[in-house]
Amino acid sequence: MTHPDPNTALSKCIIYFNDGNSRTFYSLDKKHKKSKPNQALGIRRLEKMLLQHFKGTWRTAIIYENCTNGKELAKYKNGVRLF
Amino acid sequence: MKNKSASRLQYDFGKLFTAAKTFIDTHNKKSTNLKDRLNANHRATAELIVRLYAKQLNKLISSGNPMHHEFPGFKTFNPSLASCKGCTTRTIMNHKERLKSAGFIIKETHHGKTGIELWINPLIFTPKKLPTPTVCKETKISQITSFFTKRVKNFHPLVHVQQEQNNNNSSVDILITSEKQGVRPKAHKQKYNCVTRTAHEQHMNTRESRTSDSDKQTRRLKNSSTGESESAFLLNLVQDFWLYTQPKLFESAIFSKPEETEILNFIWSSVYRKFKIKGSTNEWKSYQETLYARVDMVKRWLVRNPCRWIPPAHLYFHPENKRNSFIKTYRWFIKQQALKRQIRNRILIQKAEQEWKDYNQGEGKNRHKTRLQLFRLQQQHLDSYGDPMLIRAYEKSLQKIVNT
(Lines give C-alpha, C1' and ligand atoms only; values in the text may rest on other atoms or scores of the structure.)
Protein backbone atom coordinates (compact mmCIF):
# COMPACT_ATOMS: atom_id res chain seq x y z
CA MET A 1 0.00 0.00 0.00
CA THR A 2 1.28 3.45 -0.86
CA HIS A 3 1.35 6.10 1.82
CA PRO A 4 1.38 9.82 1.23
CA ASP A 5 4.77 11.41 1.50
CA PRO A 6 4.75 14.53 3.73
CA ASN A 7 7.55 16.03 1.65
CA THR A 8 5.83 15.77 -1.71
CA ALA A 9 2.16 16.01 -0.72
CA LEU A 10 0.45 19.11 -2.07
CA SER A 11 -2.01 19.54 0.80
CA LYS A 12 -2.38 18.49 4.41
CA CYS A 13 -5.28 18.18 6.82
CA ILE A 14 -5.14 18.91 10.52
CA ILE A 15 -7.91 17.24 12.48
CA TYR A 16 -8.84 18.25 16.00
CA PHE A 17 -10.53 15.18 17.50
CA ASN A 18 -13.24 15.15 20.14
CA ASP A 19 -10.93 13.51 22.67
CA GLY A 20 -8.54 16.46 22.51
CA ASN A 21 -5.98 14.91 20.19
CA SER A 22 -4.96 16.50 16.95
CA ARG A 23 -3.25 14.90 14.02
CA THR A 24 -1.96 15.90 10.62
CA PHE A 25 -2.74 13.87 7.54
CA TYR A 26 -1.08 14.37 4.18
CA SER A 27 -2.79 14.06 0.84
CA LEU A 28 -2.15 11.39 -1.73
CA ASP A 29 -2.34 13.37 -4.95
CA LYS A 30 -1.67 10.70 -7.53
CA LYS A 31 -3.92 8.15 -9.16
CA HIS A 32 -0.95 5.88 -9.68
CA LYS A 33 2.76 5.99 -9.06
CA LYS A 34 3.71 7.68 -12.33
CA SER A 35 0.74 9.98 -12.76
CA LYS A 36 0.77 13.73 -12.65
CA PRO A 37 -0.06 15.04 -9.15
CA ASN A 38 -3.56 16.43 -8.86
CA GLN A 39 -4.19 18.62 -5.86
CA ALA A 40 -7.97 18.53 -6.26
CA LEU A 41 -7.88 14.74 -6.07
CA GLY A 42 -5.85 14.91 -2.85
CA ILE A 43 -8.31 17.36 -1.31
CA ARG A 44 -11.26 15.16 -2.28
CA ARG A 45 -9.57 12.16 -0.69
CA LEU A 46 -8.93 14.09 2.52
CA GLU A 47 -12.55 15.21 2.54
CA LYS A 48 -13.74 11.64 2.07
CA MET A 49 -11.52 10.56 4.98
CA LEU A 50 -13.04 13.25 7.18
CA LEU A 51 -16.66 12.64 6.31
CA GLN A 52 -16.60 8.86 6.09
CA HIS A 53 -13.70 7.31 7.93
CA PHE A 54 -13.49 9.71 10.86
CA LYS A 55 -17.20 10.52 10.89
CA GLY A 56 -18.35 11.82 14.27
CA THR A 57 -14.92 11.67 15.92
CA TRP A 58 -13.72 15.20 15.26
CA ARG A 59 -14.87 18.72 15.84
CA THR A 60 -12.72 20.84 13.54
CA ALA A 61 -10.64 20.00 10.50
CA ILE A 62 -8.66 22.31 8.27
CA ILE A 63 -7.05 21.54 4.93
CA TYR A 64 -3.95 23.58 4.12
CA GLU A 65 -1.52 23.85 1.25
CA ASN A 66 1.49 21.75 2.23
CA CYS A 67 4.11 24.47 2.11
CA THR A 68 5.45 27.14 4.42
CA ASN A 69 2.80 29.78 5.01
CA GLY A 70 0.37 27.59 3.08
CA LYS A 71 -3.12 28.97 2.70
CA GLU A 72 -6.24 27.37 4.15
CA LEU A 73 -8.06 25.57 1.38
CA ALA A 74 -11.05 24.22 3.28
CA LYS A 75 -12.40 24.26 6.80
CA TYR A 76 -14.87 21.87 8.38
CA LYS A 77 -16.75 22.08 11.64
CA ASN A 78 -18.84 19.22 12.98
CA GLY A 79 -19.00 17.60 9.59
CA VAL A 80 -20.01 20.75 7.72
CA ARG A 81 -17.76 22.55 5.25
CA LEU A 82 -17.48 26.23 6.04
CA PHE A 83 -15.42 27.34 3.01
CA MET B 1 40.27 31.01 -38.15
CA LYS B 2 36.80 32.24 -37.75
CA ASN B 3 35.45 28.75 -37.52
CA LYS B 4 37.99 27.81 -34.91
CA SER B 5 37.03 30.67 -32.61
CA ALA B 6 33.36 29.87 -33.11
CA SER B 7 33.84 26.24 -32.27
CA ARG B 8 35.58 27.19 -29.02
CA LEU B 9 32.34 28.72 -27.75
CA GLN B 10 30.45 25.54 -28.27
CA TYR B 11 30.24 22.31 -26.33
CA ASP B 12 32.51 19.52 -27.36
CA PHE B 13 30.54 16.33 -27.68
CA GLY B 14 33.49 14.07 -26.93
CA LYS B 15 34.22 15.80 -23.63
CA LEU B 16 30.59 15.74 -22.64
CA PHE B 17 30.37 12.03 -23.32
CA THR B 18 33.45 11.32 -21.23
CA ALA B 19 32.03 13.50 -18.45
CA ALA B 20 28.78 11.54 -18.58
CA LYS B 21 30.69 8.28 -18.60
CA THR B 22 32.80 9.22 -15.56
CA PHE B 23 29.68 10.39 -13.76
CA ILE B 24 27.97 7.06 -14.34
CA ASP B 25 31.10 5.10 -13.46
CA THR B 26 31.52 6.92 -10.16
CA HIS B 27 27.87 6.37 -9.40
CA ASN B 28 28.19 2.65 -10.12
CA LYS B 29 31.25 2.42 -7.91
CA LYS B 30 29.51 4.18 -5.08
CA SER B 31 26.33 2.13 -5.16
CA THR B 32 26.74 -1.22 -3.52
CA ASN B 33 23.30 -2.43 -4.45
CA LEU B 34 23.27 -3.96 -7.92
CA LYS B 35 19.77 -2.65 -8.54
CA ASP B 36 20.87 0.95 -8.14
CA ARG B 37 23.60 0.71 -10.74
CA LEU B 38 23.22 1.94 -14.27
CA ASN B 39 23.69 -0.60 -17.01
CA ALA B 40 24.76 -0.14 -20.61
CA ASN B 41 21.24 0.65 -21.72
CA HIS B 42 20.87 3.44 -19.19
CA ARG B 43 24.24 4.70 -20.27
CA ALA B 44 23.08 4.80 -23.89
CA THR B 45 19.98 6.78 -22.94
CA ALA B 46 22.10 9.17 -20.91
CA GLU B 47 24.43 9.68 -23.85
CA LEU B 48 21.50 10.27 -26.16
CA ILE B 49 20.12 12.89 -23.80
CA VAL B 50 23.54 14.53 -23.49
CA ARG B 51 24.02 14.55 -27.25
CA LEU B 52 20.65 16.12 -27.99
CA TYR B 53 20.94 18.56 -25.12
CA ALA B 54 24.39 19.68 -26.23
CA LYS B 55 23.03 20.12 -29.72
CA GLN B 56 20.27 22.30 -28.32
CA LEU B 57 22.72 24.35 -26.25
CA ASN B 58 25.08 24.82 -29.18
CA LYS B 59 22.21 26.03 -31.28
CA LEU B 60 21.27 28.43 -28.53
CA ILE B 61 24.82 29.75 -28.30
CA SER B 62 25.14 30.15 -32.05
CA SER B 63 21.89 32.11 -32.13
CA GLY B 64 23.52 34.62 -29.80
CA ASN B 65 21.98 33.70 -26.44
CA PRO B 66 24.83 32.59 -24.20
CA MET B 67 23.82 31.18 -20.79
CA HIS B 68 25.31 33.21 -17.97
CA HIS B 69 23.71 32.01 -14.77
CA GLU B 70 21.43 29.07 -15.36
CA PHE B 71 21.22 26.28 -17.85
CA PRO B 72 18.01 26.09 -19.76
CA GLY B 73 16.20 22.78 -19.50
CA PHE B 74 16.44 20.15 -22.20
CA LYS B 75 13.14 20.30 -24.02
CA THR B 76 12.12 17.09 -25.68
CA PHE B 77 9.38 14.49 -26.05
CA ASN B 78 9.36 10.95 -24.74
CA PRO B 79 8.33 9.47 -28.12
CA SER B 80 11.10 11.35 -29.96
CA LEU B 81 13.71 10.04 -27.52
CA ALA B 82 12.23 6.58 -27.94
CA SER B 83 12.38 6.74 -31.73
CA CYS B 84 15.96 8.04 -31.59
CA LYS B 85 16.99 5.15 -29.40
CA GLY B 86 14.78 2.60 -31.09
CA CYS B 87 12.80 1.57 -28.05
CA THR B 88 9.41 2.24 -26.51
CA THR B 89 8.44 5.32 -24.54
CA ARG B 90 7.97 3.12 -21.49
CA THR B 91 11.65 2.19 -21.63
CA ILE B 92 12.60 5.85 -21.86
CA MET B 93 10.43 6.60 -18.82
CA ASN B 94 12.03 3.77 -16.84
CA HIS B 95 15.49 4.91 -17.83
CA LYS B 96 14.70 8.46 -16.84
CA GLU B 97 13.54 7.21 -13.43
CA ARG B 98 16.80 5.35 -13.00
CA LEU B 99 18.86 8.35 -14.12
CA LYS B 100 16.92 10.57 -11.75
CA SER B 101 17.66 8.29 -8.83
CA ALA B 102 21.31 8.31 -9.86
CA GLY B 103 21.35 12.11 -9.87
CA PHE B 104 22.09 12.38 -13.57
CA ILE B 105 18.78 14.11 -14.17
CA ILE B 106 18.06 16.65 -11.46
CA LYS B 107 14.56 17.64 -12.31
CA GLU B 108 11.87 16.84 -14.80
CA THR B 109 8.79 18.89 -15.67
CA HIS B 110 5.94 17.88 -17.89
CA HIS B 111 4.46 20.47 -20.20
CA GLY B 112 1.67 18.35 -21.64
CA LYS B 113 1.46 18.87 -25.37
CA THR B 114 4.75 20.70 -25.60
CA GLY B 115 6.68 17.78 -24.18
CA ILE B 116 8.96 17.42 -21.22
CA GLU B 117 11.83 19.44 -19.84
CA LEU B 118 14.84 17.79 -18.25
CA TRP B 119 17.53 19.38 -16.14
CA ILE B 120 20.80 17.52 -16.41
CA ASN B 121 23.36 17.53 -13.62
CA PRO B 122 25.54 20.66 -14.12
CA LEU B 123 28.63 18.59 -13.34
CA ILE B 124 28.41 17.25 -16.87
CA PHE B 125 27.63 20.56 -18.49
CA THR B 126 30.05 22.84 -16.68
CA PRO B 127 29.97 25.96 -18.81
CA LYS B 128 33.09 26.51 -20.76
CA LYS B 129 34.85 29.76 -20.23
CA LEU B 130 34.36 32.03 -23.13
CA PRO B 131 37.52 33.43 -24.69
CA THR B 132 38.06 36.74 -22.95
CA PRO B 133 38.89 39.76 -25.03
CA THR B 134 41.69 40.70 -22.63
CA VAL B 135 43.90 37.89 -23.91
CA CYS B 136 47.21 39.18 -25.12
CA LYS B 137 47.23 39.58 -28.86
CA GLU B 138 50.66 38.07 -29.22
CA THR B 139 49.75 34.85 -27.46
CA LYS B 140 46.61 34.64 -29.54
CA ILE B 141 48.57 35.08 -32.75
CA SER B 142 51.11 32.52 -31.61
CA GLN B 143 48.28 30.08 -30.90
CA ILE B 144 46.89 30.62 -34.35
CA THR B 145 50.24 30.31 -36.04
CA SER B 146 50.98 27.14 -34.09
CA PHE B 147 47.68 25.78 -35.26
CA PHE B 148 48.65 26.28 -38.87
CA THR B 149 52.34 25.45 -38.58
CA LYS B 150 52.07 22.33 -36.44
CA ARG B 151 52.08 19.25 -38.51
CA VAL B 152 49.86 16.94 -36.57
CA LYS B 153 48.54 13.70 -37.82
CA ASN B 154 44.86 14.10 -38.54
CA PHE B 155 43.22 11.59 -36.24
CA HIS B 156 39.61 10.73 -36.62
CA PRO B 157 37.58 11.93 -33.68
CA LEU B 158 36.78 9.31 -31.07
CA VAL B 159 33.12 10.14 -31.27
CA HIS B 160 31.31 10.46 -34.51
CA VAL B 161 30.29 14.10 -34.47
CA GLN B 162 29.77 14.71 -38.16
CA GLN B 163 26.07 15.28 -37.88
CA GLU B 164 26.52 17.74 -35.02
CA GLN B 165 28.78 20.05 -37.00
CA ASN B 166 27.48 23.43 -37.90
CA ASN B 167 25.66 23.62 -41.14
CA ASN B 168 27.78 25.39 -43.71
CA ASN B 169 24.70 27.05 -45.04
CA SER B 170 23.59 28.27 -41.64
CA SER B 171 24.58 31.81 -42.60
CA VAL B 172 21.58 31.85 -44.92
CA ASP B 173 19.25 32.21 -41.96
CA ILE B 174 21.46 34.63 -40.07
CA LEU B 175 21.63 37.07 -42.95
CA ILE B 176 25.26 38.04 -42.59
CA THR B 177 26.15 38.00 -46.24
CA SER B 178 25.84 41.01 -48.43
CA GLU B 179 22.84 41.75 -50.57
CA LYS B 180 24.52 40.80 -53.80
CA GLN B 181 24.96 37.21 -52.77
CA GLY B 182 21.29 36.61 -53.32
CA VAL B 183 20.23 36.08 -49.75
CA ARG B 184 16.60 36.76 -49.30
CA PRO B 185 15.72 39.35 -46.68
CA LYS B 186 13.30 38.51 -43.92
CA ALA B 187 9.85 38.46 -45.31
CA HIS B 188 8.06 40.61 -42.79
CA LYS B 189 10.31 43.58 -43.29
CA GLN B 190 7.84 45.86 -44.97
CA LYS B 191 10.35 48.06 -46.75
CA TYR B 192 11.79 45.13 -48.67
CA ASN B 193 8.52 43.63 -49.70
CA CYS B 194 7.61 46.23 -52.21
CA VAL B 195 8.31 44.89 -55.67
CA THR B 196 10.30 47.85 -56.92
CA ARG B 197 12.45 48.29 -53.83
CA THR B 198 13.38 44.70 -53.06
CA ALA B 199 16.90 44.19 -51.87
CA HIS B 200 17.17 40.82 -53.51
CA GLU B 201 17.16 40.26 -57.24
CA GLN B 202 13.75 39.36 -58.55
CA HIS B 203 15.14 37.17 -61.30
CA MET B 204 16.59 34.88 -58.66
CA ASN B 205 13.13 33.93 -57.53
CA THR B 206 11.98 31.79 -60.35
CA ARG B 207 9.94 29.34 -58.32
CA GLU B 208 7.85 31.30 -55.92
CA SER B 209 6.79 34.86 -55.57
CA ARG B 210 8.25 36.27 -52.38
CA THR B 211 5.67 39.00 -52.17
CA SER B 212 2.83 36.51 -51.85
CA ASP B 213 4.73 34.61 -49.21
CA SER B 214 5.50 37.69 -47.20
CA ASP B 215 1.86 38.66 -47.35
CA LYS B 216 1.00 35.39 -45.69
CA GLN B 217 3.54 36.00 -42.98
CA THR B 218 2.40 39.53 -42.24
CA ARG B 219 -1.15 38.26 -42.10
CA ARG B 220 -0.04 35.62 -39.62
CA LEU B 221 1.56 38.35 -37.53
CA LYS B 222 -1.66 40.31 -37.51
CA ASN B 223 -3.62 37.18 -36.69
CA SER B 224 -1.46 36.46 -33.68
CA SER B 225 -2.75 39.57 -31.93
CA THR B 226 -6.36 38.79 -32.82
CA GLY B 227 -5.79 35.17 -31.76
CA GLU B 228 -4.91 36.28 -28.27
CA SER B 229 -8.13 38.22 -27.85
CA GLU B 230 -10.06 35.31 -29.32
CA SER B 231 -8.57 32.83 -26.88
CA ALA B 232 -9.36 35.23 -24.03
CA PHE B 233 -12.96 35.39 -25.27
CA LEU B 234 -13.17 31.59 -25.47
CA LEU B 235 -11.74 31.09 -22.00
CA ASN B 236 -14.19 33.65 -20.73
CA LEU B 237 -16.97 31.47 -22.09
CA VAL B 238 -15.79 28.61 -19.87
CA GLN B 239 -15.71 30.87 -16.82
CA ASP B 240 -19.17 32.25 -17.59
CA PHE B 241 -20.57 28.79 -18.04
CA TRP B 242 -19.22 27.68 -14.68
CA LEU B 243 -20.52 30.84 -12.96
CA TYR B 244 -23.95 30.15 -14.45
CA THR B 245 -23.91 26.42 -13.63
CA GLN B 246 -22.57 26.43 -10.10
CA PRO B 247 -25.45 28.24 -8.37
CA LYS B 248 -27.99 26.32 -10.42
CA LEU B 249 -26.77 22.75 -10.15
CA PHE B 250 -24.27 22.75 -7.28
CA GLU B 251 -25.61 25.44 -5.02
CA SER B 252 -24.76 23.69 -1.72
CA ALA B 253 -21.29 22.58 -2.79
CA ILE B 254 -18.22 24.61 -1.84
CA PHE B 255 -15.10 24.38 -3.94
CA SER B 256 -11.56 25.33 -3.13
CA LYS B 257 -9.39 26.93 -5.81
CA PRO B 258 -7.63 23.75 -7.01
CA GLU B 259 -10.95 21.95 -7.22
CA GLU B 260 -12.46 24.78 -9.22
CA THR B 261 -9.53 24.86 -11.64
CA GLU B 262 -9.88 21.13 -12.18
CA ILE B 263 -13.59 21.50 -12.94
CA LEU B 264 -12.90 24.38 -15.33
CA ASN B 265 -10.37 22.20 -17.11
CA PHE B 266 -12.92 19.43 -17.41
CA ILE B 267 -15.53 21.83 -18.78
CA TRP B 268 -13.00 23.13 -21.28
CA SER B 269 -12.21 19.65 -22.54
CA SER B 270 -15.64 18.00 -22.39
CA VAL B 271 -18.21 20.75 -22.95
CA TYR B 272 -16.16 22.92 -25.31
CA ARG B 273 -14.04 20.10 -26.81
CA LYS B 274 -10.87 22.11 -26.12
CA PHE B 275 -12.07 24.63 -28.72
CA LYS B 276 -10.79 22.40 -31.47
CA ILE B 277 -13.84 23.16 -33.58
CA LYS B 278 -13.38 26.44 -35.38
CA GLY B 279 -16.21 28.90 -35.17
CA SER B 280 -16.92 32.60 -35.22
CA THR B 281 -17.67 34.51 -32.03
CA ASN B 282 -21.35 34.62 -32.89
CA GLU B 283 -21.43 30.86 -33.32
CA TRP B 284 -19.77 30.39 -29.95
CA LYS B 285 -22.22 32.80 -28.38
CA SER B 286 -25.17 30.86 -29.77
CA TYR B 287 -23.57 27.63 -28.52
CA GLN B 288 -23.22 29.25 -25.10
CA GLU B 289 -26.93 30.04 -25.17
CA THR B 290 -27.78 26.41 -25.90
CA LEU B 291 -25.50 25.40 -23.01
CA TYR B 292 -27.39 27.70 -20.68
CA ALA B 293 -30.65 26.21 -21.97
CA ARG B 294 -29.29 22.73 -21.23
CA VAL B 295 -28.35 23.72 -17.69
CA ASP B 296 -31.84 25.16 -17.17
CA MET B 297 -33.30 21.95 -18.52
CA VAL B 298 -31.30 19.87 -16.03
CA LYS B 299 -32.28 22.21 -13.21
CA ARG B 300 -35.99 21.85 -14.06
CA TRP B 301 -35.59 18.08 -14.23
CA LEU B 302 -33.99 18.06 -10.77
CA VAL B 303 -36.64 20.30 -9.23
CA ARG B 304 -39.50 18.21 -10.57
CA ASN B 305 -38.56 15.22 -8.42
CA PRO B 306 -36.43 15.38 -5.23
CA CYS B 307 -35.24 11.79 -5.77
CA ARG B 308 -33.32 12.83 -8.88
CA TRP B 309 -29.63 13.62 -8.63
CA ILE B 310 -26.58 14.44 -10.69
CA PRO B 311 -23.00 13.42 -9.84
CA PRO B 312 -20.61 15.90 -8.21
CA ALA B 313 -19.15 18.56 -10.50
CA HIS B 314 -15.77 16.91 -11.08
CA LEU B 315 -17.56 13.79 -12.34
CA TYR B 316 -20.42 15.56 -14.07
CA PHE B 317 -18.04 17.40 -16.38
CA HIS B 318 -15.40 14.69 -16.59
CA PRO B 319 -14.56 13.96 -20.26
CA GLU B 320 -14.27 10.22 -19.56
CA ASN B 321 -17.66 9.98 -17.91
CA LYS B 322 -19.84 8.20 -20.43
CA ARG B 323 -22.63 7.36 -18.03
CA ASN B 324 -24.15 10.43 -16.47
CA SER B 325 -22.16 13.41 -17.68
CA PHE B 326 -23.35 16.79 -18.87
CA ILE B 327 -22.46 15.86 -22.46
CA LYS B 328 -25.41 13.51 -22.51
CA THR B 329 -27.82 16.39 -22.14
CA TYR B 330 -27.09 17.36 -25.74
CA ARG B 331 -29.19 14.50 -27.12
CA TRP B 332 -31.84 15.30 -24.60
CA PHE B 333 -31.81 18.92 -25.68
CA ILE B 334 -32.05 18.02 -29.37
CA LYS B 335 -34.95 15.71 -28.66
CA GLN B 336 -36.71 18.39 -26.68
CA GLN B 337 -36.18 20.95 -29.43
CA ALA B 338 -37.56 18.54 -32.04
CA LEU B 339 -40.61 17.91 -29.89
CA LYS B 340 -41.14 21.63 -29.39
CA ARG B 341 -40.92 22.20 -33.14
CA GLN B 342 -43.40 19.42 -33.79
CA ILE B 343 -45.91 20.89 -31.37
CA ARG B 344 -45.44 24.38 -32.82
CA ASN B 345 -46.01 23.02 -36.34
CA ARG B 346 -49.15 21.24 -35.26
CA ILE B 347 -50.56 24.40 -33.69
CA LEU B 348 -49.75 26.46 -36.79
CA ILE B 349 -51.44 23.96 -39.10
CA GLN B 350 -54.47 23.79 -36.87
CA LYS B 351 -54.71 27.58 -37.07
CA ALA B 352 -54.44 27.45 -40.87
CA GLU B 353 -57.13 24.78 -41.08
CA GLN B 354 -59.39 26.85 -38.85
CA GLU B 355 -58.88 29.87 -41.14
CA TRP B 356 -59.90 27.75 -44.17
CA LYS B 357 -62.98 26.51 -42.35
CA ASP B 358 -63.98 30.03 -41.43
CA TYR B 359 -63.33 31.16 -44.99
CA ASN B 360 -65.54 28.42 -46.41
CA GLN B 361 -68.33 29.45 -44.03
CA GLY B 362 -67.90 33.09 -45.07
CA GLU B 363 -66.58 34.13 -41.66
CA GLY B 364 -63.28 35.35 -40.22
CA LYS B 365 -60.99 38.23 -41.14
CA ASN B 366 -60.10 36.71 -44.52
CA ARG B 367 -63.66 36.35 -45.86
CA HIS B 368 -63.21 39.19 -48.39
CA LYS B 369 -60.03 37.71 -49.89
CA THR B 370 -59.82 35.23 -52.76
CA ARG B 371 -58.72 31.64 -52.14
CA LEU B 372 -55.41 32.30 -53.83
CA GLN B 373 -54.81 35.36 -51.69
CA LEU B 374 -55.50 33.37 -48.54
CA PHE B 375 -53.18 30.60 -49.70
CA ARG B 376 -50.39 33.04 -50.48
CA LEU B 377 -50.84 34.78 -47.12
CA GLN B 378 -50.64 31.53 -45.19
CA GLN B 379 -47.71 30.28 -47.25
CA GLN B 380 -45.80 33.50 -46.60
CA HIS B 381 -46.48 33.27 -42.89
CA LEU B 382 -45.35 29.64 -42.66
CA ASP B 383 -42.31 30.26 -44.87
CA SER B 384 -41.04 32.77 -42.34
CA TYR B 385 -40.40 29.89 -39.91
CA GLY B 386 -37.97 28.32 -42.39
CA ASP B 387 -39.02 24.77 -41.63
CA PRO B 388 -39.52 22.50 -44.68
CA MET B 389 -41.36 19.95 -42.54
CA LEU B 390 -43.93 22.58 -41.69
CA ILE B 391 -44.49 23.46 -45.36
CA ARG B 392 -44.93 19.79 -46.25
CA ALA B 393 -47.43 19.25 -43.44
CA TYR B 394 -49.29 22.40 -44.53
CA GLU B 395 -49.53 21.16 -48.12
CA LYS B 396 -50.92 17.84 -46.91
CA SER B 397 -53.53 19.49 -44.74
CA LEU B 398 -54.46 21.81 -47.61
CA GLN B 399 -55.03 18.84 -49.91
CA LYS B 400 -57.35 17.34 -47.32
CA ILE B 401 -59.32 20.57 -47.02
CA VAL B 402 -59.61 20.98 -50.78
CA ASN B 403 -60.72 17.37 -51.28
CA THR B 404 -63.44 17.49 -48.62
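So, the sheet in chain B: in this predicted model, three strands form an open sheet in the order 1-3-2, with antiparallel pairing. At the edges sit strand 1 (74-76) and strand 2 (105-110) of chain B, each of which pairs on one side only. On average, and ignoring direction, neighbouring strands here are turned by 20° against each other.

Let's look at one of those pairings. Strand 1 and strand 3 of chain B run antiparallel and are joined by three bridges. If you'd like one to find on your screens, Thr76(B) has Ile116(B) in strand 3 of chain B as its bridge partner.

Now, what lies across these strands? Helix 3 of chain B lies across strand 1, strand 2 and strand 3 of chain B, and it runs at about 105° to strand 1 of chain B.

That helix brings us to the packing. The largest nonpolar core has 30 residues, and those with the most contacts inside it are Ile49(B), Val50(B), Phe104(B), Ile120(B), Ile124(B) and Phe125(B). At least two core residues each come from helix 2 (13-30), helix 3 (40-62), helix 4 (78-85), helix 5 (89-102) and strand 3 (116-120) of chain B. Helix 3 of chain B supplies the largest share, nine residues.

Let me pick out Phe104(B). Setting aside neighbours within four places in sequence, Phe104(B) is in contact with several residues, among them Ala20(B), Phe23(B), Val50(B), Trp119(B) and Ile124(B).

And there's one more core to show you, friends: a second, separate one of 25 residues, which includes Leu237(B), Trp242(B), Trp284(B) and Tyr316(B).

Technical notes
Residues numbered from 1 in each chain as written. Chains lettered and ligands numbered in written order. Predicted model: local features only at pLDDT ≥ 70, side-chain atom pairs only at ≥ 80, totals over all residues. Heavy atoms only, no water. Core = buried A, V, L, I, M, F, W, Y, C linked by side-chain atoms within 4.5 Å. Buried < 20%, exposed > 50% of the residue type's maximum accessible area, 1.4 Å probe, protein only. Helix = DSSP H or I, 4+ residues; strand = E, 2+ residues; numbered from the N terminus. Contact = heavy atoms within 4.5 Å. Pairing = 2+ DSSP bridges. Axes fitted to C-alpha atoms, helices over the stretch in contact; angles between N-to-C directions.
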